[in-house]
Structures are given as C-alpha cells and as structure tokens.
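Student: I'd like a close look at one part of this model, the ligand site and what goes with it. Could you walk me through it slowly?

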Amino acid sequence: MALEIQNVSKTYMMGTEAVHALQSVSLSIEENEYIAIMGPSGSGKSTMMNVLGCLDTPTSGEYYLEGEDVSKMNDDQLAEIRNQKIGFVFQTFNLIPRATVFHNVELPLVYSGTPPAERILMANDAIERVGLTDRATHKPTELSGGQRQRAAIARALVNKPTIILADEPTGNLDSVTGREIMAILDGLHKAGNTIILVTHEQEIAEHAHRIVKLRDGQVESDVRPNRVGRNADVVLN
Amino acid sequence: MALTAIKANKSRGVLTTLGIVIGILAVVTTMTAANGLGNNFRESISALGSDVLYVSKRPWIITGNFLSFRNRKNLDLKEVEKLEQRLTSAKAINPSTNTNKNVKYRSKTLEGTTIIGTTDKQLMVSSSVPGDGRFLTPFDVQFKRNVCVIGSEIKDLLFGDVNPINKKMKIGRHNYRVVGVMEKQGSAGFFGGPNFDKQIFIPISAFAKSFGSRNRDLNIAVKAAPHISLSDFEFEVIGEMRKIRKLKPAEEDDFSINQMNQLVGAYNSVMGVIVSIGLVITGISLFVGGIGVMNIMFVSVTERTREIGIRKAIGAKRRSILSQFLFESSIICLIGGLIGLLLSIGATALISKLVMPASLSLPIVSVAILVSVATGVLSGFIPALKAAKLNPIDALRYE
Ligand SMILES: Nc1ncnc2c1ncn2[C@@H]1O[C@H](COP(=O)(O)OP(=O)(O)O)[C@@H](O)[C@H]1O
Ligand SMILES: [Mg+2]
C-alpha cells in the first residue's frame, strides 16, 4: 500500500459556519497506481490532494504514507516527506518567478542537502526528461504555459519521489499542450511512479486506470474501467 | 537569490540602511577616537614618569574655586634647597620654571615658544633624552651659562637642514648657544597639554638672569627612591613641605602635590564622555536602522508569501526559510555597515588632520562588520520567524 487514508475529514470555519470539505473519506492507493480524482467544483478534490501531499493536515482521521503515520508528524517532518517522497504539480505551476528554470528545478535538491555537483547533474537530467534543456536558463515569465508546466514537472521529479500529485495540471493549458503534459505523466507512470491526478475533464481522466469521483466531500464512486486508456489515446488522435 | 530580492527593493533598502550607516559610522569613529586618544595620552604621560611627584602652587586639575589658589605663596629655590636637605626617600629633585618667549635664528622667528628653566636633573624625572648633542650639565647651571637644548620640532622649524649644535640663537633678547636637540616624543599635546617637542630647556640660573626671578613660580619634581611606595613618598613630601612652610596642624596645605594619576582621572573622564556619547549615538541609530530593516523584511515576507509557500511545498524546513530571510537582513545591514565603514575612513582622516593621530585598525573594522551583521540578524529575526512558521497551503493560496 502506497497511501492509505481512513475516515479523513477536513472542516473549514468560515466565520461561524463550518464548511465540510471532506467528510470521513477512506481511500487506499497501491504502488504504481494511476488514479484520477474527479468531481464538480467545490467537491473537495484539492483539499484531498493537499492532504495526500502533506501540504495540509486533516481535521480528523488517519493517513499512512508508505506505512508511516503522517497525521502525527510535525512541520519539519512533513517538509521532509514532501521533499523526498512526493512531487507536486499545480494547476498554476507555482514556479518562483525570479529564478531560472534550472534554479527552480534545483531547489528541492538544495532542501534535501544534495551536494552542488550532484545537484547540477540531477537537475539537468530532470529538465532533459521533460524536454526543456534549451530553456534551462530562462525565467518562467519567458516561457509558454506548457513549458512552465514541464518545468514544474521537472521540479516534481528531480528528487526521484515515488508519488506524483497533479492538481488539474492541464487546467490552464490548451488541449494540445495538455496532451503533451499528459504524455509526460503517462511516461512517469510507466517508469514506476504512483500518479494521482485531479481533473474534471473526462478525456484527461481516461489516462488513469482508476477513477474516484467526489461529491460534497464524500466518495461517490470508485471504478477501474476496463483498460480504456490506450483506446482513448487512439480516439483522441 | 537573496541578492536579487534586495536589488528589487533597492530604493527602499538604501533609505532604511541609513540608520545602520550612521550607527556604524558612530561606533567606528568613537572607537578610533578613543584609540587615538589612548595612544596620545600614553605618550604624554610616559614623558612625565610614573614615580615622580610635582610640588606646585596649584593642582593641575582645578575642581574648586580657581581664585583660592592665586593667593598661595610661590615656590622658590630656597624651598627647593630645604626640601633637598630634608627628604630622605627622594632619588632626585628638580626645580623648573617656564615662560613663553619669541625665539629667533637668523631671520626665522618662532613666537611664544615655551622656555623651561631647569637643571641637569631634568633627565632623571622625565623619560625624554637628547637625541643629538648633550643635555644641560651641573656646570651650565652653576655658572649660569647661556646654553639651550631644543625640542625636535624647534629644530625642524627654526634650523631646517642646518645642524643646530653650537649655533647661536636668540631667546627673547638674549643670546643662547644650542648644545643639544631632544629626541622626538611624537605627542601632539593631550587636549591642550604641552607639546614636548616644541619647548626649549635652559639652565634655571640663566633663566633667572635673563628673565628675572621675582614673582616666578617654581615647579618641583621629586622622584621617589626605588624602595618606597609613591603614597608613602607623597606623605613624606607633604610633611616636609608643611614643616618648611611652618604650617600649623589646623592649617590647610598652601601647595599642591600633582602626579600622573590626576591626568589618568582626567583622561578617564574625557574618555568616558566621548565613549558614552558615541555609544548613545550608535545605539539610537542602530535601533532606528534596525526597526527600518525589520519593516523592510516584513514587507519582503508579505510580498513573497506565495514564494515561501512554494518553497515549503517542495520541502523547505522552517530553518531553511528562517536562514534565507536572516541572510537577507544581514546582507542589507552589512551593506549599510560597509558604507558606514567607507565614511569612517573619511572621518578618521579628518580626526587625524584636525585633532590627533588616529587610524582605523583591523579589530575596529571587524567589530563594525560584526555589529552590522548582528543588527541584521536581530532585526530580521521576527519577520524571518513569521515566514518560517507560515502554513504552506495558506501561503500558496495567498494572492
Ligand atoms: N481555506 C479554505 N477556507 C474555507 N473554505 C475552504 C478553504 N479551502 C477550501 N474550502 C472549501 O472547501 C470546499 C472544497 O474545496 P476544494 O477542495 O478546493 O474543492 P475543489 O478542488 O474540488 O474545487 C469548497 O466548498 C471550498 O469553498
Ligand atoms: Mg480545486
């Protein structure tokens, strides 16, 4: 079991009113699964991703990541998990605007204490995997949306994490660029990563092998369609 | 990366570092002045000798009513003689007196030069020695010979390249023959104190002959024998002087005993004033500057909340974020400190030229750098802690 959440709830207080973003959700995700989380806007997809990515802590419930009880960890221990085991890809890219692609990609290695010489090799390798070598010295503002998302993916995989979390990675991209990004994620899955993907587009979701649908903070359905992924690719083209 | 952030906030940074600049300028100038003063003072007092008491009409440093000392009787040579007979623990006794005269060699004149009438024992009560020629001898004193020993600065100003030994010069209206030149002392004069390089020694007997002895006050330098403590010696000198002056037990001393320690006291209070003024200015400027830097850092943290969120999301721990912002505030303050140091070089040159010899030393420079970095760390700490404690998801959502 790569990830396991049990009875996880997340409640936000908006003034005096409680917003139940997640209500007693339980979910197990195997190693090297490719899973899409779908659902209407406000159904709790991002909240779930943030909990799974150790960016946020649940109000109640338990979370085991590769057997470790994450709900009991402090700030710095969670930072280490995010650094070592998880690669996060955001809808809005979240690159540091003042830094070049190379420096953005290198940064997780800085925080993991990797020696400089190794950092250069590993960062360049990750940049090459997303096909951005000729843009390594550019700043994010000088790149197209697709290129920015590639840079963000390079940053997510530079520390060789087992889990890649992508919250609407194609949400800000046109469909052609979106397909390019999905091809990279497919590649990462083939290379052995566990991929968790949030999307509200059926086409994108069909890249995954399992689709979890959320509604009002609860799991509505959890299905494994009969390996339609490849066929879907054909249909798309 | 910290540097680019600073560049972005350049104009704001320059303004807020002004306090740091002034603070460092103040601390460096204070330390340099105190240092220069200390050197100057040590040179000055070393010429006086630490085991010598000076019997004079007035104390060197007058704290009470100045007029009360004016009615005291002058010290005279008869009293010197009596003191010589009575004091058992004195190694040397040297009377001296002084006046200001114009001195002249050929067409060159030095106005208001200090002329000291003294004896051969002058050498025993002070550390200065002739560098060229000889000092006054007992014969010079006994036979009232018109000979003089000049300070090194007199030699430079009056004789230039000419060897002054055996040259005739005029002191007032009288002819004197130069027999020696004193070694350079190097002290420019401690706060209006004597410049030892700009005085002329002549036999006290010749002094009386040339410039009269009526109403001339003497200073008597008495050097303690090696075996006696200075306080015991002072007790003896006071006792013998009271006997010579036939003072009744109820009467106060009508003379003063002076010694180097009094100058040390004066020096300490001058130093204390300078250092405390300097420290107050330093403290206020660094405080104001520190508050400014703290402000700039709060702004920087707020502006970069999203960036902090990103950094935390990819694994930055609290201490990484903390040190990133501490580094930034230290760099801002260090830049201020370096500008302050540059300005101090100018200030030091000015002090050197106008007041006394002073120079920037390595310890002072290191203290300045240390102080500015410490100010940066202190003033950046609260903003940096705020940044370090940000919740990653809240920071990422920040618009
Ligand atoms: N920080 C927050 N404060 C208050 N309410 C929040 C916060 N984040 C999310 N929510 C609420 O929680 C619910 C789920 O949000 P989210 O997980 O972002 O949904 P989704 O990503 O599926 O659109 C929504 O009703 C949203 O308004
Ligand atoms: Mg969302």
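Student: How do the residues of the shell around ligand 1 divide into nonpolar, polar and charged?

Tutor: Before anything else, keep in mind that this is a predicted model. The shell around ligand 1 divides into 5 nonpolar, 6 polar and 2 charged residues.

Now for who is in there. Ligand 1 is surrounded by 13 residues, and the closest are A:G42, A:K45, A:S46, A:T47 and B:R397. Look at the chain letters: residues from chains A and B surround ligand 1, so the site is shared between chains. As for secondary structure, β1 (3-14), β2 (17-29) and α1 of chain A each supply at least two residues of that shell. The largest share, 3 residues, comes from α1(A).

Next, the polar contacts, with backbone atoms on the protein side. For A:G42, a backbone N or O atom lies 2.7 Å from an oxygen atom of ligand 1. For A:K45, a backbone N or O atom is 2.9 Å from an oxygen atom of the ligand, and for A:S43 the corresponding distance to a ligand oxygen atom is 3.3 Å. On the surface side, ligand 1 taken alone exposes 560 Å², and the protein buries 69% of that.

It helps to set this beside the second largest pocket, which shares some names with the site. Both A:S46 and B:R397, listed among the closest residues to ligand 1, are also among the residues nearest the centre of the second largest pocket. The others named nearest that centre are A:N50, A:Q91 and A:D167, and 23 residues line the pocket in total. Two elements give two or more residues to this lining: α1 (45-52) of chain A and α13 (392-397) of chain B. Once again α1(A) brings the largest share, here 4 residues. The pocket holds about 570 Å³ of space, and its lining has 6 nonpolar, 11 polar and 6 charged residues.

If you're probing for enclosed space too, there are 4 cavities of 30 Å³ or more. The largest cavity has a volume of about 90 Å³. Its lining takes in residues of both chains, including A:G53, A:R82, A:F88 and A:R155 from chain A, and B:A313 and B:I314 from chain B. The elements that give it two or more residues are α2 (75-84), β6 (86-89) and α5 (145-157) of chain A, with β6(A) supplying the largest share, 3 residues. By class, that lining splits into 6 nonpolar, 4 polar and 2 charged residues.

Follow B:A313 from that lining and you land in helix α10 (residues 305-313) of chain B, which is mostly covered, with 8 of its 9 residues buried. B:A313 is one of those buried residues, and so are B:E307, B:R311 and B:K312, among others. After α10(B) comes B:G315, whose phi is positive, near 115°.

Speaking of phi, most residues other than glycine have a negative value. Here are two that go the other way. A:K160 has a positive phi of about 50° although it is not a glycine; A:K160 sits in the loop between α5 and β7 (163-167) of chain A. With 57% relative accessibility, A:K160 counts as exposed. On chain B, B:R106 also has a positive phi of about 50° without being a glycine. B:R106 is in the loop between β2 (90-105) and β3 (108-118) of chain B, and B:R106 counts as exposed because its relative accessibility is 66%.

For the opposite situation, stay on chain B and try two buried residues. B:S329 is placed in helix α11 (residues 318-354). At 0% relative accessibility, B:S329 counts as buried, and the side chain of B:S329 reaches the backbone oxygen of B:G376 at 2.8 Å. B:F159 belongs to helix α6 (residues 152-159) of chain B and is buried as well, with a relative accessible area of 3%. The C-alpha atoms of B:F159 and B:K104 are separated by 9.8 Å, while the two residues are 55 residues apart along the chain.

So, back to where you started: the ligand site is shared between chains, since residues from chains A and B surround ligand 1.

Terms used. Residues numbered from 1 in each chain as written. Chains lettered and ligands numbered in written order. Predicted model: local features only at pLDDT ≥ 70, side-chain atom pairs only at ≥ 80, totals over all residues. Heavy atoms only, no water. 1 Å grid on protein atoms, 1.4 Å probe; cavity = no way out; pocket = protein on both sides within 12 Å on 5 of 7 lines; lining within 4 Å. Points joined across faces, edges and corners; volume = space filled by probe spheres on them. Nonpolar A, V, L, I, M, F, W, Y, C, P; charged D, E, K, R; others polar. Near = heavy atom within 4 Å. Polar contact = N/O pair within 3.5 Å; in protein donor to acceptor, adjacent residues only side chain to side chain. Areas by Shrake-Rupley, 256 points an atom, 1.4 Å probe, with all protein chains shown as cover. Buried < 20%, exposed > 50% of the residue type's maximum accessible area, 1.4 Å probe, protein only.
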